[in-house]
Amino acid sequence: MYKIAVFVSGRGSNLKAIIDRLAQTEKNAEVVCVVSDKLDCPAFKIVESKQIPTYSVSQNENENFLSYTKLVSILENLEIDLIVLAGFLKKIPNILIDSFEKKIINIHPALLPAFGGKGMYGLNVHKAVFEKSVQITGATIHYVDKIYDNGKIIAQKSVDISRVESPEDIASLVLEIEHELLPEVIVKFSEKKIIEKNNRIYINK
Ligand code: GRF
């Protein structure tokens, strides 16, 4: 069984898209836990009826939150194969990156390396894209390393935004793209079809 941990901070529409898509596969991959930087993350509601455990993690000592050290041992004991950041707003500490080398991916709501980096999340991204009068944007899935939005790019999908009238229009067009792209890439990971060759990432058919 290919085991996935999903990290969230918001409503969890990408988490729902992942769970729905994996339910259509031959059950060789599943979300086995959900992690948030919030105690009562709205996305937790998506899994409360599915017996999928949720964990709240913080870098600061707090009896209500797990430390990242504790979280790493939980994820290792669960034998997690892939960590998916789906709207997780906190920077991933080195202890987690070092423990899950090349096993952490993030979805960013723009075509990196453009419109990425610290502070570029959620509507901030779409406002910057709108203000530049960018005509094509999209979503990017990349490996997570120790610099924001910097890891090697795995997959991208573009969308025409030449007719949009607001950053919110862009956000909804890009979110649709995310809900298509992220689950498909996760399925490819579970099928061992994500290949690195000559410093580039290839997705086998
Ligand atoms: C998505 O737009 C994603 O690209 C960004 O955060 C948002 C998460 O939305 N990283 P949701 O919580 O999955 O609905």
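Trainee: How many Å is an oxygen atom of the ligand from an N or O atom in the side chain of glutamate 178?
Mentor: The model is predicted. A polar contact here is a pair of N or O atoms within 3.5 Å. For the side chain of glutamate 178 and an oxygen atom of the ligand, the distance is 2.7 Å.

Trainee: What percentage of the ligand's accessible area does the protein cover?
Mentor: On its own, the ligand has 370 Å² of accessible area. The ligand sits in the largest pocket. The part of that area covered by the protein is 88%.

Trainee: Which helices each supply at least two residues of the shell around the ligand?
Mentor: The residues surrounding the ligand include Ser13, Asn14, Leu175 and Glu178. One helix spans 13-23 and the other spans 167-190. These are helix 1 and helix 5.

Trainee: Is glutamine 51 buried or exposed?
Mentor: Glutamine 51 lies in the loop between strand 2 (29-36) and strand 3 (54-56). Its phi is positive, about 55 degrees, although it is not a glycine. Most residues other than glycine have a negative phi. Exposed means over 50% relative accessible area, and at 71% relative accessibility glutamine 51 counts as exposed.

Trainee: Which residue does a cis peptide bond join to leucine 112?
Mentor: Most peptide bonds are trans. In this bond, omega is about 5 degrees. The partner is placed in the loop between strand 5 (104-108) and helix 4 (123-131). The residue joined to leucine 112 is proline 113.

Terms used: Residues are numbered from 1 along each chain as its sequence is written. This is a predicted model: local features need pLDDT of at least 70, side-chain atom pairs count only at pLDDT 80 or more; totals for chains, interfaces and linings use all residues. Side-chain values use heavy atoms; hydrogens and water are left out. A residue is near a molecule or strand if one of its heavy atoms lies within 4 Å of it. A polar contact is a pair of N or O atoms within 3.5 Å; within protein, one must be able to donate a hydrogen and the other to accept it, and residues adjacent in sequence count only if both atoms are side-chain atoms. Accessible areas come from the Shrake-Rupley method with a 1.4 Å probe; for residues, only the protein chains shown count as cover. On a 1 Å grid over the protein atoms alone, a cavity is a set of points where a 1.4 Å probe fits but cannot get out, and a pocket is an open set with protein on both sides within 12 Å along at least five of seven lines; lining residues have an atom within 4 Å of a point. A molecule sits in a cavity or pocket if more than half of its atoms lie within 2 Å of its grid points. Helices (H or I, at least four residues) and strands (E, at least two) are DSSP runs, numbered from the N terminus. Buried means under 20% relative accessible area, exposed over 50%, partly exposed in between (1.4 Å probe, protein chains only).
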